[in-house]
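The following exercises concern the geometry of a single protein model. Please examine the sequence and the coordinates before reading the solutions.

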Amino acid sequence: MNKSTLLTALLSYFVIVDPVGVSLIFAAITEGKEDTFCRKMAFRSVLLSTIIILCFGFFGGKLLMKLGISIESFRIAGGLLLFHTAFNMIMKPEGLPSDITSQQPEDISVFPLSFPLIAGPGCLTLTVLLFANAGRRQDEVIALVLAVLLIFTLTFICFLSAHNLSRFMGKTGNSIVKRLLGVLLASLSIQFVADGIMGFVH
């Protein structure tokens, strides 16, 4: 297994998924709900997100080829999308988006937990780029799959302790962590854009 690929993927997924930040949102939208309901939604959302991300990783590149989209074009477009996500992480004020807070359905595992909070556009884009870079190198593919499983397992653990974590972190702590992760994600997105441009040049 490629340790370098594993570390890069772990950092990338940790930044884009943000298990701590997502768990604080999970705590907010499940406030007052029974523990059984919270555990059920946590398990279903993480399981569904894992399936979506892995399917996108293995088949997303082939879909792009069918659509006639080169991986270099996707790297540039994906890098710009990730930079937009990073910019929002750094600059936007704290608070839940209105479309997430308004009229929560009884089953929140698909929306808003799986999409857009866990397996959102940024995570899907990152997955295609990472798996495309790995190509058919089995050791790198295994490292990426392991990274996905580890990060989503961490996300599930954070969900289970979300209410305690919310009280411990507070709004200030979450804001600081979110912005630091945003800077890392911005750097990663610029690298994707640079790789895409270099691919066109060569």
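Each exercise below is a task followed by a stepwise solution.

The model is predicted, so that local features require pLDDT of at least 70 and side-chain atom pairs count only at pLDDT 80 or more, while totals for chains, interfaces and linings use all residues. Residues are numbered from 1 along each chain as its sequence is written, and side-chain values use heavy atoms, with hydrogens and water left out.

**Exercise 1. Aromatic pairs**

Determine how many aromatic pairs the model holds, and describe the pairs of F26 with F159 and of F43 with F156.

Step 1. Apply the criterion: rings of Phe, Tyr and Trp (its six-membered ring) pair if their centres lie within 6.5 Å; planes under 30 degrees apart are stacked, over 60 edge-to-face, and the rest tilted. The count is three aromatic pairs.

Step 2. For F26 and F159, the centres are 4.4 Å apart and the planes differ by 10 degrees, a stacked pair. F26 belongs to helix 2 (residues 19-29) and F159 to helix 8 (residues 138-160), 133 residues apart. Helices here are DSSP runs (H or I, at least four residues), numbered from the N terminus.

Step 3. For F43 and F156, the centres are 6.2 Å apart and the planes lie at 75 degrees, so this pair is edge-to-face. Because F43 is in helix 3 and F156 in helix 8, the pair ties together parts 113 residues apart in sequence.

Step 4. Compare accessibility, where buried means under 20% relative accessible area, exposed over 50%, and partly exposed in between (1.4 Å probe, protein chains only). F26 and F159 are both buried. F43 is partly exposed at 47%, and F156 is partly exposed at 24%.

**Exercise 2. Cysteines**

Establish how many disulfides are present, and whether C38 is buried or exposed.

Step 1. A disulfide is a covalent bond between the sulfur atoms of two cysteines. The criterion is a pair of cysteine sulfur atoms within 2.5 Å, and the count is zero.

Step 2. C38 is in no disulfide, the nearest cysteine sulfur being that of C158, 15 Å away.

Step 3. C38 is buried because its relative accessibility is 8%; C158, at 9%, is likewise buried.

**Exercise 3. Backbone geometry**

Identify what is unusual at D18 and at the bond from F111 to P112.

Step 1. Recall the background: most residues other than glycine have a negative phi, and most peptide bonds are trans.

Step 2. D18, not a glycine, has a positive phi of about 55 degrees. D18 lies in the loop between helix 1 (3-17) and helix 2, and is buried at 9% relative accessibility.

Step 3. The peptide bond from F111 to P112 is cis, with omega near 10 degrees. P112 is part of helix 6 (residues 109-118).

**Exercise 4. A charge and a ring**

State which ring lies under the charged end of K33.

Step 1. The rule requires NZ of Lys or CZ of Arg within 6 Å of the ring centre and within 35 degrees of the ring normal.

Step 2. The charged end of K33 sits over the ring of F37, 5.4 Å from its centre.

**Exercise 5. Position of Q138**

Locate Q138 and give its C-alpha separation from S45.

Step 1. Q138 is in helix 8 and is exposed, at 60% relative accessibility.

Step 2. The C-alpha atoms of Q138 and S45 are separated by 28 Å, and these residues are 93 apart along the chain.

Terms used:
Helices (H or I, at least four residues) and strands (E, at least two) are DSSP runs, numbered from the N terminus.
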